Amino acid sequence: MNSEISLVRKSHLSAGWINGFIGVLIFSGSLPATRLAIQDFNPVFLTMARAAIAGMLGLILLLVFREKRPDKAQLFSLTLVACGVVIGFPLLSALALQYVSSAHGIIFNGMLPLTTAIFAVLRGGERPKPAFWLFSVLGSALVIGFAFSQGIHVSYTGDILMLMAVIVCGLGYAEGAKLSKTLGGWQVISWALVLSLPVTIPLLLWMMPPTFEGVRAPAWMGLIYVSLFSMLIGFVFWYRGLAQGGIAAVGQIQLLQPFFGLALAAALLNETVSTGMIGITLAVILCVAGSRKYGK
């Protein structure tokens, strides 16, 4: 009996890591896609457009499947999710990308596992082993150290905005994962998006340009990607994975996000990916392996 329970638990944890990996793979395209979009769209308009489009799709899903409304306690958590991942991270990162390249911004995403783990303790009640924190801090330190070595003084504004973005995003990830255990993964992001509609739609209409005549195809493709994949589909897998495998532990998969994101930045935007960037990415992969071992 105990062996069967152990197998079920291992299967559940493995499913969590697989879902988390798919989510991170989808999120890896967010900054390159955002970089494409802000070439022709205002960052605030882009943020509101992606949230409004995904919010309308989320509303349709909730109505089709007749999901019950969240209770008051869940509404507070959903508000934190909305502030963190629906508006906070998209807006702050879009503003940051006016000052730094997507490759530079992607490096900062390597700090997300640490901020997610901290909020997993503060908001989710998780208690990872001490060795977990060693690997988590080491991975984030490698990322931060690399950013400094590349000349963080070049754009204080861009780097501060990216730092703020990963902090609020970590809160949104941890809060959403905790809530998805009772509300469901896709339901959490859908409700968070719907709750944001009274803010996103008016601001979308206010910031809408008088004409879209000069908007090129790459910008439209960037908007479509961040609206459908970054804002909705990615979270279906991500929140499910965090809930199944543990917020702090599965959250460390985000250390792989720079690897995928840098590859996309090089392929789509012709941005330079240095040997140092690749070396740091390989080092943080080892930190993910260590964090996985001691995360529960």
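Accessible area here comes from the Shrake-Rupley method with a 1.4 Å probe. Keep that in mind for Exercise 1. The model is predicted.

**Exercise 1. State how much area the chain exposes and what share of it carbon and sulfur atoms supply.**

Solution. Start with the total: the chain exposes about 13,200 Å². Then take the share: carbon and sulfur atoms supply 70% of that area.

**Exercise 2. Describe the secondary structure of the chain.**

Solution. Count the helices: there are 13. Count the strands: there are zero. Now read along the sequence. The pattern is α-α-α-α-α-α-α-α-α-α-α-α-α.

**Exercise 3. Explain why the radius of gyration agrees with that of a compact globule.**

Solution. Take the length: 296 residues. A compact globule of that length would have a radius of gyration near 19 Å. The chain has 19 Å, so the two agree. Next, look at the extent. The C-alpha trace spans about 65 × 50 × 30 Å along its principal axes.

**Exercise 4. Work inward to the largest nonpolar core and one of its residues.**

Solution. Begin with burial. Buried means under 20% relative accessible area. By that cut-off, 54% of the 296 residues are buried. Move to the largest nonpolar core, which has 83 residues. Val86 is among those with the most contacts inside it, as are Tyr173 and Trp238. Finally, list partners of Val86, leaving out residues up to four places away in sequence. They include Thr47, Ala51, Ile189, Leu193 and Met231.

**Exercise 5. Compare the charged side chains.**

Solution. Count each set: 18 positive and 9 negative. Then locate their centres: they lie 11 Å apart.

Terms used. Residues are numbered from 1 along each chain as its sequence is written. This is a predicted model: local features need pLDDT of at least 70, side-chain atom pairs count only at pLDDT 80 or more; totals for chains, interfaces and linings use all residues. Side-chain values use heavy atoms; hydrogens and water are left out. Helices (H or I, at least four residues) and strands (E, at least two) are DSSP runs, numbered from the N terminus. The radius of gyration is taken over C-alpha atoms; the globule rule is 2.2 Å times the number of residues to the power 0.38. Buried means under 20% relative accessible area, exposed over 50%, partly exposed in between (1.4 Å probe, protein chains only). Lys and Arg count as positive and Asp and Glu as negative; His and the chain ends are not counted. The place of a charge is taken as NZ of Lys, CZ of Arg, CG of Asp or CD of Glu. A nonpolar core is a set of buried Ala, Val, Leu, Ile, Met, Phe, Trp, Tyr and Cys residues joined through side-chain atoms within 4.5 Å. Contact means heavy atoms within 4.5 Å.
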